[in-house]
Amino acid sequence: MKTFAVLQLAGCAGCEVSLLNADEWMGGYRLAYMPLVISAHDVPEVDLLLVSGGVRNEEDLYNLRRAAPQAGKVVAIGTCAISGGVASLGDRDDVREVFLADRERHHVPHLLPKCRPIDAVVPVDQYLPGCPPTPELFMALLTEPPGFKTGAIVCVECRRKKLKDMRPSRFAGFQRGEVEPDICLINQGFLCIGSSTRGGCRAPCPRAGHPCVGCRGPSDSLIEKESAVWMSSIRRVISGLTDIPAAEIDHELRSPHLSLFLFQFSDYSSPGRTPRPKEKVM
Amino acid sequence: MPALTFPLSRIEGHARVVIDIEGDTVTSASFQCTEFRGFKHLVQGVPAEQMTVIVPRICGVCSTAHHIASVKALEDAFGIEPPPLACRLRELLLLGQLIQSQATSLFIFTMPDRLGTSSIFDPVQEKDQDERSQLASRALAVRRVGTHLITVAGGQFIHPVKAVVGGMTSGIEPDAAAALSHELAAQLPQACELFDLYIRKSLELSDRIGTWGDDAPAYYLSAVSDSLPNYDGDDIRLLGPDGSVSTFSARSHRDYLTYEQPDYSYSGRTSYRGEALRANSLARVNLTESMGTPLADGYLKRFRAAFGRPAHAILLFDLARGIELVYAIERAIQILATPLNEEDTDIPYTPRDGEGYGLVEAPRGPLIHHYVIKDGLVADAEFVIPTVHNIKSIERALMVAARRYITGKRIDMELEHAVGRVVRAFDPCIACATH
């Protein structure tokens, strides 16, 4: 039987909780290490190592460096491990100053200056983005069902209708209560970025009436391009479905400055970083 | 001065226990949380209305509680009240969270301590097949019904999105409610069966080790009401060792609770006038008259007959979790039998600057979100986390265990197991505690 391990770095355990909802692996794999559910103190040799969470402190760095060589294949799981995730909001200079200021006071693992994705530390064979990836995606990763295919972008899986004649002239705000069922959230004035976001999640958020915040990162057609291309693609979609002035769209895209997952665009496109090849991203 | 360090597993997040010994005396026991992401700081400057989807990421286990606490804090700041249907839907969300969290704690985190295994996924020995057949998949199935409840009521089960300022994005269609109710009803006997096994194994454990753990009286803290466990509570209640109860609002928590920041941990630590506090399942069961659902009340009656009220021994936290698991499934079935799509789920509102508090009773105890909003952006945020209230009590119980198993120059190897049992009884969540 093949073995796998789950190493949790700085994260919320949401990826692990999602994995626990996908228990079909139990027949085909032995879970050798996952501190959340097993008492075992070291990562043994395994076929597959799933790493969740970003590299936030010295202990994360040490644990990741020690575990990776034990594995036949390393998979980065979830937005934090791939592009820093929500913790990257702490990488803004003004915030960093505040919360790195007192780090020497603690007799605890020291924080690193920035929260880093795991491929900045060890080679990664595969990426499974999502905050968190759905149980279905975990199952696909572990059981590799033949012919498994996902929608290219979130819109394809959302299936809300895009209308030509329902054109708001301004944004409705971040989210406002009850929404029209079956009609595209952009037509209803919401800043939804499902059109540029990788599919595969089955669009739970926009289908439930909440704009897509882009947790699965860029779609295949955008993943190897710089963030400006990404932004202009979102802008073009919103202009096509609304009469909102271009300046206002730009302002909205920038005004929630770096919040939600828009910040991860910069990680995917930092200068000097080799783009993650789309073949490696689930 | 020698120190014993115990890494911890089968809890949420990164923590360790350090016990200091001087000569042959245990001098201290500390519970050290070793992770930190800095949510209090990193949400500064974020548009306030986005908090409802950012803060669930504090913790993937407790995300629903953060989601709703956040919505309530914003509603408090904007001066609005959601319609009654939205409150019912939010109660469902919190019940889903409770099922998921208590089933995880009982069957995945602490059941192995009762069975003497390293995890619930260990292969089952031939002689144990009768009682433990398919244990892991049965436990995961009970847990999963909680996540399905969160998915239907909240849109996404790890980081839900459907609770929004002013209400919920939609109700639940009758078909979906009926299917979910059916699934809950199917898992209810399963949950009881697993809990019965858990009770039997806990009795065997307490016989073997000769104790239910630290049983000195303590202060108990909870946001549930005195008649029924309403998890969407409005006030916090504090039960003293003398039986007195004080009630205070989230807004005035600093008048009652004292916070300190030890050097050895990224988590803070709360006390009531220097005394240890306890939150979580045992606090709720001690502070609530009855559960209000038939099977859960049956368990509660047996629990009180055996251990009294208030009950104090720490391994009773685990048993109280089982009572709540049964309650949450029963209560969810009751709510799903009412119409959930016939009224408005939200009210219109206008955002404004100001200050807001949001309180919910999370699985680990009362959770408060407090935001200060300027120009529509978060100018300051405070997260008052239930696990933090328990840290002093965890350390007190660890001292009791350490003194029991460290005698003279001898350390009983049972100590390592005892440390795990003590910590897991409080089911601490480190991602939340340090945020």
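A crossing of two helices is called left-handed if the near helix is turned anticlockwise from the far one by less than a right angle. That is the case for H4(B) and H7(B), whose crossing is left-handed. The model you are looking at is predicted, and this briefing walks through its two chains, the interface between them and a few local features of chain B. To start with the overall make-up, chain A has 10 helices and 7 strands, while chain B comes to 14 helices and 16 strands.

**Chain A as a whole**

- Chain A contains 10 helices alongside 7 strands. Its radius of gyration is 20 Å, close to the 19 Å that the globule rule gives for 282 residues, so chain A is as compact as a globular protein of that length.
- Measured out along the principal axes, the box filled by the C-alpha atoms of chain A is roughly 60 × 50 × 35 Å.
- Burial applies to 52% of the 282 residues of chain A.
- Of the contacts in chain A with a separation of 6 or more, 75% are between residues 24 or more positions apart.

**Chain B as a whole**

- For chain B, the secondary structure adds up to 14 helices and 16 strands. The globule rule gives 22 Å for 435 residues and the radius of gyration of chain B is 21 Å, close to that value, so this chain too is as compact as a globular protein of its length.
- The C-alpha atoms of chain B occupy a box of roughly 70 × 50 × 40 Å along the principal axes.
- In chain B, 58% of the 435 residues are buried.
- When contacts in chain B between residues at least 6 apart in sequence are considered, 74% of them link residues at least 24 apart.

**Where the chains meet**

- The interface brings 54 residues of chain B into contact with 52 residues of chain A. On the chain B side, helix H1 (39-42), helix H2 (51-54) and helix H6 (135-154) each contribute at least two residues.
- H6(B) gives the largest share of the side of chain B that touches chain A, with 6 residues.
- Sorted by class, that side of chain B holds 20 nonpolar, 23 polar and 11 charged residues.

**Ser9(B), a loop residue that touches chain A**

- Ser9(B) sits in the loop between strand E1 (3-7) and strand E2 (15-22) of chain B.
- Is Ser9(B) buried or exposed? A residue is buried if 20 or more other C-beta atoms lie within 10 Å of its own; Ser9(B) has 21 C-beta neighbours inside 10 Å, so Ser9(B) counts as buried.
- Leaving aside residues up to four places away in sequence, Ser9(B) touches Pro35(A), Ile38(A) and Ser39(A).
- Within chain B, the C-alpha atom of Ser9(B) is 9.2 Å from that of Arg424(B), a residue 415 residues apart from it along the chain.

**The H4-H7 helix pair of chain B**

- Helix H4 (residues 84-115) and helix H7 (residues 174-209) of chain B have axes that come within 9 Å and cross at roughly 40°. On the H4(B) side the contact is made by Leu106(B), Phe107(B), Met111(B), Arg114(B) and Leu115(B), and on the H7(B) side by Leu194(B), Tyr198(B), Lys201(B), Ser202(B) and Leu205(B).
- The contact of H4(B) with H7(B) has 7 nonpolar, 1 polar and 2 charged residues.

**The four-stranded sheet of chain B**

- This open sheet has 4 strands in the order E8-E7-E6-E11 (chain B), and its pairing is mixed. Strand E8 (245-249) and strand E11 (277-278) of chain B are the edge strands, each pairing on one side only.
- Strand E6 (residues 219-222) of chain B pairs with E11(B) in the parallel sense over 2 bridges.
- Tyr219(B) has Leu277(B) in E11(B) as its bridge partner.

**The three-stranded sheet of chain B**

- Another open sheet has 3 strands, ordered E12-E13-E14 (chain B), with antiparallel pairing. Strand E12 (354-362) and strand E14 (377-384) of chain B have a single partner strand each, so one side of each is left without a neighbour in the sheet.
- On average, neighbouring strands of this sheet are turned by 15° against each other, direction ignored.
- E12(B) and strand E13 (residues 365-374) of chain B are antiparallel partners over 9 bridges, and His370(B) in E13(B) is the bridge partner of Tyr357(B).
- Helix H3 (residues 63-78) of chain B lies across E12 and E13 of chain B and runs at about 145° to E12(B).

Terms used
Residues are numbered from 1 along each chain as its sequence is written. Chains are lettered from A and ligands numbered from 1 in the order in which they are written. This is a predicted model: local features need pLDDT of at least 70, side-chain atom pairs count only at pLDDT 80 or more; totals for chains, interfaces and linings use all residues. Two residues are in contact if their C-beta atoms, placed from the backbone, lie within 7 Å. Ala, Val, Leu, Ile, Met, Phe, Trp, Tyr, Cys and Pro count as nonpolar, Asp, Glu, Lys and Arg as charged, and the others, Gly among them, as polar. The radius of gyration is taken over C-alpha atoms; the globule rule is 2.2 Å times the number of residues to the power 0.38. A residue is buried if 20 or more other C-beta atoms lie within 10 Å of its own, exposed if 12 or fewer, and partly exposed in between; C-beta atoms are placed from the backbone. Axes are lines fitted to C-alpha atoms, for helices over the stretch in contact, and angles run from 0 to 180 degrees between N-to-C directions. Two strands pair if DSSP finds at least two bridges between them.
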